[in-house]
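Here is a short note to read alongside the model. Keep the 3D view open and check each point as you go.

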Amino acid sequence: MTQQTKQTANFPSIQALFGGTFDPIHYGHLLPVEALAKQVGLQQVVLLPNHVPPHRPQPEATVRQRLAMIKLAIKNNPLFSIDTRELKRTTPSYTVETLLSFRQEIGWQKPLAFIIGQDSLLSINTWFDWQKILDLCHLLVCARPGYTTYFPTSPMQQWLIHHQVPDPEILSHKPCGAIYLADTPLLNISATQIRERKRDRKSCKDILPPAVLRYIDKHHLYQNCV
Ligand code: ATP
């Protein structure tokens with residue numbers, strides 16, 4: 001047994017979650033997370049489609065349609081699975097509450113990680129109870145074009161520096177508390193761009209899985225969004 005496999009075997013695997021509206025799911029979600037999984041050694045990534053509260057702009061697609069598109073996107077890809085707990089709640093999808101419900105299931109010793117894009121990291125201080133997030137999980141951050149790797153304000157930048165780890169191996173040695181900025185492919189894709197392209201009757205080929213695109217076309221989704 002090599003030193004590397006010995007070390008991995010001594011530490012529990014990381015449970016990784018990836019939350020989003022997924023309206024629709026696209027390659028900007030899937031490909032960076034696949035690269036991240038390779039870098040960090042994740043065996044499984046649980047996709048967590050969120051419930052969008054009534055006072056926020058609602059997804060164009062229904063819950064059922066968003067879920068159907070996720071299922072099509074990850075069919076034949078054993079890295080991904082789905083957890084629908086946020087969709088079953090009628091209250092806003094607060095990440096701290098979701099993480100707490102995972103902690104109640106898996107306990108406090110197992111490493112738990114929440115995956116986000118760089119844009120989400122930069123606005124994390126607007127999330128409900130955001131200061132508690134690193135008490136519950138690690139943050140694994142995928143690069144996203146157009147977003148810096150540093151915060152505009154000093155207190156948030158200090159927070160990042162304090163928690164950032166350079167080596168992903170550290171993540172499996174402790175249950176929570178670290179931020180890892182992964183070197184993932186930059187994909188200039190967003191769900192907003194896809195909805196706009198569909199509305200403008202432009203091609204969305206190569207920016208989302210073909211099965212998802214067929215579903216969008218079959219159900220005439222995103223044709224009237226503004
Ligand atoms: P919208 O355009 O509707 O706001 P979105 O494309 O940003 O949607 P979400 O479902 O809101 O997708 O995002 C879920 C998570 O995926 C977020 O943490 C976001 O930062 C990340 N993400 C989305 N697109 C990318 C991308 N192209 N590269 C890296 N991360 C991404």
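The points below cover the sheet, a helix that crosses it, and the largest pocket.

1. Start with the status of the model. It is predicted. Read each point below with that in mind.

2. Next, the sheet. It is open and has 6 strands. Their order is 3-2-1-4-5-6, and the pairing is parallel. Strand 3 (80-82) and strand 6 (179-181) are the edge strands. Each of these two pairs on one side only. From one strand to the next, the twist averages 30°.

3. Now look at one pair within the sheet. Strand 4 runs parallel to its partner, strand 5 (residues 138-142), and 5 bridges link them. Which residue of strand 5 is the bridge partner of I115? That partner is L140.

4. Then find helix 2. This helix lies across strand 1, strand 2 (45-49), strand 3, strand 4, strand 5 and strand 6. Its angle to strand 5 is about 125°.

5. Turn to the largest pocket. Its volume is about 1,300 Å³. The lining holds 46 residues. Which of them lie nearest the centre? They are G19, G20, T21, N50 and S120.

6. Where does the lining come from? Strand 1 (15-20) and strand 4 (112-117) each supply at least two residues. So do three helices: helix 2 (27-40), helix 6 (118-122) and helix 9 (191-199). Helix 2, then, both lies across the strands and helps line the pocket.

7. Last, the make-up of that lining. It has 22 nonpolar residues, 17 polar ones and 7 charged ones.

Definitions and conventions
Residues numbered from 1 in each chain as written. Predicted model: local features only at pLDDT ≥ 70, side-chain atom pairs only at ≥ 80, totals over all residues. Heavy atoms only, no water. 1 Å grid on protein atoms, 1.4 Å probe; cavity = no way out; pocket = protein on both sides within 12 Å on 5 of 7 lines; lining within 4 Å. Points joined across faces, edges and corners; volume = space filled by probe spheres on them. Helix = DSSP H or I, 4+ residues; strand = E, 2+ residues; numbered from the N terminus. Nonpolar A, V, L, I, M, F, W, Y, C, P; charged D, E, K, R; others polar. Pairing = 2+ DSSP bridges. Axes fitted to C-alpha atoms, helices over the stretch in contact; angles between N-to-C directions. Contact = heavy atoms within 4.5 Å.
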